[in-house]
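Subject: Structure handover and notes

Dear colleague,

I am passing on the structure below, together with my notes on what was found in it. Please read the notes with the coordinates open beside them.

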Amino acid sequence: MFVVDYDDARRAYLWIDDPAKAGDTRAVGAIARAQQEQGSLPEGTITSIRRIR
């Protein structure tokens, strides 16, 4: 599980089931952008993505 912070102080949560992808920082960013395009994550400028679990 990851917490996604936005430039306007919003926060969303991102769950990645694949451990290999969850360990790859670039893959996590790409997954977050893809989920934004699909509407699973809110639109906006992502400032950070941190693993919390």
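Strand β1 (residues 2–6) and β2 pair in the antiparallel sense over four bridges, where two strands count as paired if DSSP finds at least two bridges between them, and where helices (H or I, at least four residues) and strands (E, at least two) are DSSP runs numbered from the N terminus. Within this pair F2 stands opposite L14 in β2, and V4 stands opposite A12 in β2. The hairpin formed by β1 and β2 has four residues between the strands, and A9 takes a positive phi near 75° there.

Before going further, a word on the basis of these notes: this is a predicted model, in which local features need pLDDT of at least 70 and side-chain atom pairs count only at pLDDT 80 or more, while totals for chains, interfaces and linings use all residues. Residues are numbered from 1 along each chain as its sequence is written, and side-chain values use heavy atoms, with hydrogens and water left out. The chain averages a pLDDT (the predictor's confidence in each residue, from 0 to 100) of 95, and 100% of the residues score at least 70. Among the elements, helix α1 (residues 19–22) has the lowest mean pLDDT, 92, and β1 has the highest, 97.

As for the overall fold, the chain has two helices and three strands, which follow the pattern β-β-α-α-β along the sequence. The radius of gyration (taken over C-alpha atoms) is 10 Å, close to the 10 Å that the globule rule (2.2 Å times the number of residues to the power 0.38) gives for 53 residues, so the chain is as compact as a globular protein of that length.

The three strands form an open sheet in the order β2-β1-β3, with antiparallel pairing. Its edge strands are β2 (11–14) and β3 (46–51), each of which pairs on one side only. Helix α2 (residues 25–38) lies across β1, β2 and β3 and runs at about 120° to β3; axes here are lines fitted to C-alpha atoms, for helices over the stretch in contact (heavy atoms within 4.5 Å), and angles run from 0 to 180 degrees between N-to-C directions.

Along β2 the side chains alternate, with A12 and L14 pointing to one face and buried, whereas R11 and Y13 point to the other and are not buried; buried means under 20% relative accessible area, exposed over 50%, and partly exposed in between (1.4 Å probe, protein chains only). The largest nonpolar core (a set of buried Ala, Val, Leu, Ile, Met, Phe, Trp, Tyr and Cys residues joined through side-chain atoms within 4.5 Å) has 11 residues in all, namely F2, V4, Y6, A12, L14, I16, A22, V28, I31, A32 and L41. The elements that give two or more residues to this core are β1, β2 and α2.

Leaving aside neighbours within four places in sequence, L41 is in contact with V4, Y6, A12, Y13, L14, A32, Q35 and Q36. Of these partners, Q36 is found in helix α2 and is buried, with a relative accessible area of 11%.

Best regards
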